[in-house]
Amino acid sequence: MGRYIKVIDRQFLLPDKDNYKPCWYLSLECGHTKILGSTSPGYARGGIVQNTLCPICDTPKKKKPDDARKLQAFADWIIEKDL
């Protein structure tokens, strides 16, 4: 599935004019930042977590749509079989 990335640095921010809820900013080894808001399931572990999934590097890839010929052949098969 996903590859866990090492957390390099973490910063806890209390609510203020910029953010309306407490959150953790986790700096990851890949160079991205992960934000754990107070409603996030990992929020309670934000201060001790060592490895986590990167929200940018680990995004699922969309499957390429099948080409039109395959779709047309499938449609013809459905019509032929009266499904």
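Me: What radius of gyration does the protein have, next to the value for a compact globule of 83 residues?
Reply: Keep in mind that this is a predicted model. A compact globule of 83 residues would come out near 12 Å. Along its principal axes, the C-alpha trace spans about 65 × 25 × 20 Å. The radius of gyration of the protein is 22 Å.

Me: And what share of the 83 residues is buried?
Reply: Buried here means under 20% relative accessible area. The accessible surface of the protein comes to about 7000 Å², and carbon and sulfur atoms hold 57% of that. As for the buried residues, their share of the 83 is 18%.

Me: OK, secondary structure. What pattern does the protein follow along the sequence?
Reply: There are two kinds of element to place: one helix and four strands. Reading along the sequence, you get β-β-β-β-α.

Me: In what order do the four strands sit in the sheet?
Reply: The sheet is open, and its pairing is antiparallel. From one strand to the next, the twist averages 45 degrees. Going across the sheet, the order is 3-2-1-4.

Me: Why is one side of strand 3 and of strand 4 left without a neighbour in the sheet?
Reply: Strands of a sheet pair through backbone hydrogen bonds. Strand 3 covers 33–37 and strand 4 covers 51–53, and each has a single partner strand. One side of each is left without a neighbour because both stand at the edges.

Me: Which residue stands opposite cysteine 23?
Reply: Cysteine 23 belongs to strand 2, which runs over residues 23–28. Strand 2 pairs with strand 3 in the antiparallel sense, over five bridges. Across from cysteine 23, in strand 3, is glycine 37.

Me: Which element gives the largest share of the largest nonpolar core?
Reply: That core has eight residues: Ile5, Val7, Trp24, Leu26, Leu28, Leu36, Val49 and Cys54. Two elements give two or more residues to it, strand 1 (4–13) and strand 2. The largest share is three residues, and it comes from strand 2.

Me: Which residues does valine 7 touch, leaving out those up to four places away in sequence?
Reply: Val7 is one of the residues of the largest nonpolar core. A touch here means heavy atoms within 4.5 Å. On that basis, valine 7 touches Leu26, Ser27, Leu28, Val49, Gln50, Asn51 and Thr52.

Me: Last one: of the contacts with a separation of 6 or more, what share is between residues 24 or more positions apart?
Reply: The pool here is the contacts in the protein with a separation of 6 or more. Residues 24 or more positions apart account for 35%.

Terms used: Residues are numbered from 1 along each chain as its sequence is written. This is a predicted model: local features need pLDDT of at least 70, side-chain atom pairs count only at pLDDT 80 or more; totals for chains, interfaces and linings use all residues. Side-chain values use heavy atoms; hydrogens and water are left out. Two strands pair if DSSP finds at least two bridges between them. Axes are lines fitted to C-alpha atoms, for helices over the stretch in contact, and angles run from 0 to 180 degrees between N-to-C directions. A nonpolar core is a set of buried Ala, Val, Leu, Ile, Met, Phe, Trp, Tyr and Cys residues joined through side-chain atoms within 4.5 Å. Buried means under 20% relative accessible area, exposed over 50%, partly exposed in between (1.4 Å probe, protein chains only). The radius of gyration is taken over C-alpha atoms; the globule rule is 2.2 Å times the number of residues to the power 0.38. Accessible areas come from the Shrake-Rupley method with a 1.4 Å probe; for residues, only the protein chains shown count as cover.
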